[in-house]
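Trainee: I would like a close look at a single part of this model, with the rest brought in afterwards as its setting.

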Amino acid sequence: MGSELELDYLLNHPIANNVISNVNSETIDRRLFLPKKIQIFSKKYSLLKDQPQYRFSSDKEAKKILPDIINNKVQKVTLNGPLSETQKQAFSSKRNLGVVFSGGPAPGGHNVVAGLYDELKKYNFGSKLFGFLLGPDGLIESRYIEITKELVDIHRNMGGFSMLQTGRTKIDSKGKMESSLKTCMNLELDALVVIGGDDSNTNAAFLAQYFKASGIKVIGVPKTIDGDIQVTTDDGDVLCATSFGFHSAARAFSQNISNLANDGESTVKYWHVCKVMGRVASHLTLESALQTHATLSLIGEELADYVDQDRLEKARKNKTIDYNAFGITLRHLSRLICDVIVKRATFGKNYGVMIIPEGILEYINEIQVFIIKLNKIIAEYNTIHDLDFHLALPGLTEKHDYLRRISQGMIDKNPFPIWNIRDDELFNQLPSFFRDGLLVERDLHGNFQFSQVKTEKIIMDMVKEYLDVLKEQGVYKIGIKNTEYKSIMVANDMDPDLYAGVIFRNPGAKYLLVKKIIISQKTLKQELVSNELMDAGNDIPGPIVELFLKSQPKFKTQTHFYGYNGRGSAPSHFDCNYTYNLGMTAFHLIAGNATGQMAAIRNLEMDFDQWEPIGIPIAKLMHLEERKGKLELVIEKSLVDLNSNAFRVYKSLRKKWVAADLGPDHYRQPAPIRFAGETEEDRPITLVLNSIGPEK
Ligand code: FBP
C-alpha cells in the first residue's frame, strides 16, 4: 500500500479544489447566461394600453369584494414617446419596490427578481428593491433584505427560491392585511410584486384592493409547476398559456421517467410507478406523457368523466338508471390498470412505466366525497371549538372516534349527519395509512395536501390484489415467444407441435399463452396426462416445467414520486427567458401605475419575437370555491381541457404507447434541460400542440 497523502495537501490541491468547489462550470455558465429581452424592453419608455377587446365575465362576489380593481382591463405594454421631460422624469422616478415568493418553489423565480431588479435600476440607479423573507410571513412581520446586484448575480438562471425563501401563509385577516400595509408603508414602497400560484395571486388581488387608498400598487406573477394558472378570455383568446416553472419541472420529471422506461425495457421485470406532482390538475402528467410516451398515463380530468358502459348497459336492459355507472371508483381504476398490464404480459412485456397524477384522488368518486366531507368536518370543528382539530385529536384513533361519534348522532342531533354510518364503514375498510392520509392537515389555504398521501400505494395495492385474482383465473399470463418455445423443445428432443395444442390456448401464434385452466403444476400435469402426453406416475418433463414457470407472472413494482425534484430543478431555457421578461413586465406595469394586475406574456407558444408583455386583471379570474368548508373567492384553477389538441393527441396515441402487441415499445427520450438549441423541447409540448390552429 502506498503512503497516504496529507489531508490538508489533498484538500488544498488545485485539482481537488476545482472538482469539489460549490461553484462548478455549469453554475458559472448559468449565472452568466443572458436571457433574451422582448424588444420593447430594450427601448426606453413604455405605456400601458387598455385592451378592451379581451372580455371576461366577472363573479358577483368579486365585484362586491374587489370594487377598486374589478373594472381593470387587460393592458398591453407598448412603446411610449415622444415624451416631455416631465413625463420622462416621472417614468424614471426613484422607486422602492418589494418582492415576495409565495407557495411552492418553481424554476425561474430568481429570474423574475433579476428582471425586476435590472429594469428598476436601469431607469433610476437610486431605486431600491426589498425582498421579503420566507414568503408572506416576511411581509406581515416586516422581515426583509435589500436586494443587491451581488445577490441577484449569484442567483441568475438558478433554480429554487433560496434567495428569499418562501412560505404558504395566507394573508386572510384584517390584522395580517394591516401589518402587511404597515411594512410596505414603512419601507415607502411604491409597489409590491407577489410571485405565486393561484392562491398567492388571490392574495395579491386582496392586497391590491386593501392597499388602494395608500397608493401602493400590487402586481402578481404567475408561478407554479402545476401549470394550472392559464388565462383564456370569454372569446377563447389565450392570454397566459402556462405559469412559469411548469416546463422545467415537466422536463425534469420526464428525464427521470424516460430513464425508468429504459430500465424497465432492459431488465424486463419492473413496472415503474411514477406519481407526478400537480395538486389537482393533471397538466404535468399530460406533458410528461407526451415527453416520454410512458406505457400508461392517467389523466384525472378524464377519469372524472368516466362512464362504466357495462353497468349502464345492464341498467338499460332492466329499464333503470345506475348512477354508480358515472364517475370512477378506486376499484374501476384498478381494473383499467390491470387490463393494460395483462394485455402487455400476453406479448411477453411484464414491465412498463406508469404515470399517476398526484391529484388523482380528487377525481375518484368515493375519495372525493370523503375529502369534501372531512374538509367540512375539520373546518367546523376548528370554528366551533376554537381549537385546531389536528392538535386536539392528534392520532388516527382519536380522529376516527370523533368521526364515529358524528355518525352515531353523538355530536349533534342532525338526523342526516354529514358523516353517516355507511361513510364510517367504507372509511374503516381503507388501510390505516390511507385513512391517515385523508385526515392529513389541510394547508393554510384549506387545500387538501395530496403530496402527503401515498396515492400510488393505495392504487397499486388494489392492482396487485386484482392481478392475483386474474392469475388464479388463468387470465394474467406471460406470453412465450413461439421461437423460444420451439428451440427449448427441439433442444430437448421433444416435438413442439405435439405439446403446443395441449399447453397453449393459441398454438401457432407468435406469443404463446398457456391455457387458462393451467394455473399450477398440478393442473398442468392433469392436462398432459388427460391428453396422453405423460403417465400420471411420472414427473412433468423439465422443459415443460421451465416453460410453465416462464408463463407465470410476478408483478413487481418500484414506486417513485416526482415533485420536489422538479420544483427545485434548474430552469429550462424557456423558463429563463419567460421569467426574466415577466420580471421586466412587472416593472413596466408598476411604472404605468397598474395595480391588481398579473404580469403575463402573450404568445408564449410562438417564436420569441412574437412574445407580448401584458397585464391581466386578477379580479376577473376569481370565482367562489369551497375552502375549509366555506365558499371563498379564489382564482379558478385551469384543468386539463379534454377537447384541447394536446389531450386529443395523447388520447389517440396512448394505445400505441401501451404497445400490447408484437412490436417494440415507443418510448421517447427527452433531452436534458439545457440552454442551447431551438427544438420542440424548447417549450412545453402541450403548448406547442395547443397552438396549432386550422389550416389557412
Ligand atoms: P404551488 O401551487 O404553491 O406552486 O405549489 C404546488 C405544489 O408543487 C403541488 O404540486 C404540490 O401538491 C404542493 O405544491 C406540495 O406542497 P408542499 O410544499 O406544501 O409539500
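By class, how many nonpolar, polar and charged residues does the shell around the ligand have?

Mentor: The model is a predicted one, in which local features need pLDDT of at least 70 and side-chain atom pairs count only at pLDDT 80 or more, while totals for chains, interfaces and linings use all residues. Residues are numbered from 1 along each chain as its sequence is written, and side-chain values use heavy atoms, with hydrogens and water left out.

The shell around the ligand has three nonpolar, seven polar and six charged residues, where Asp, Glu, Lys and Arg count as charged, Ala, Val, Leu, Ile, Met, Phe, Trp, Tyr, Cys and Pro as nonpolar, and the others, Gly among them, as polar. In total 16 residues surround the ligand (a heavy atom within 4 Å), and the closest of these are Gly104, Arg168, Asp226, Glu358 and Tyr564.

Three of the polar contacts (N or O atoms within 3.5 Å) show how oxygen atoms of the ligand are met. Asp226 places a polar side-chain atom 2.6 Å from a ligand oxygen, Lys223 has a polar side-chain atom 2.9 Å from a ligand oxygen, and at Gly104 a polar backbone atom lies 2.8 Å from a ligand oxygen. Of the 490 Å² that the ligand exposes when taken alone, the protein buries 89%, by the Shrake-Rupley method with a 1.4 Å probe.

As for the setting, the protein chain contains 29 helices and 19 strands (DSSP runs of H or I over at least four residues, and of E over at least two), and its C-alpha trace spans about 105 × 80 × 70 Å along the principal axes. Of the chain's 696 residues, 55% count as buried (under 20% relative accessible area, with a 1.4 Å probe and protein chains only). One such residue is Val453, which counts as buried because its relative accessibility is 2%; Val453 sits in the loop between helix H20 (432-438) and helix H21 (455-472). From Val453 to Thr27 there are 426 residues in sequence, and the C-alpha to C-alpha separation in space is 35 Å.

Definitions and conventions
A polar contact is a pair of N or O atoms within 3.5 Å; within protein, one must be able to donate a hydrogen and the other to accept it, and residues adjacent in sequence count only if both atoms are side-chain atoms. Buried means under 20% relative accessible area, exposed over 50%, partly exposed in between (1.4 Å probe, protein chains only).
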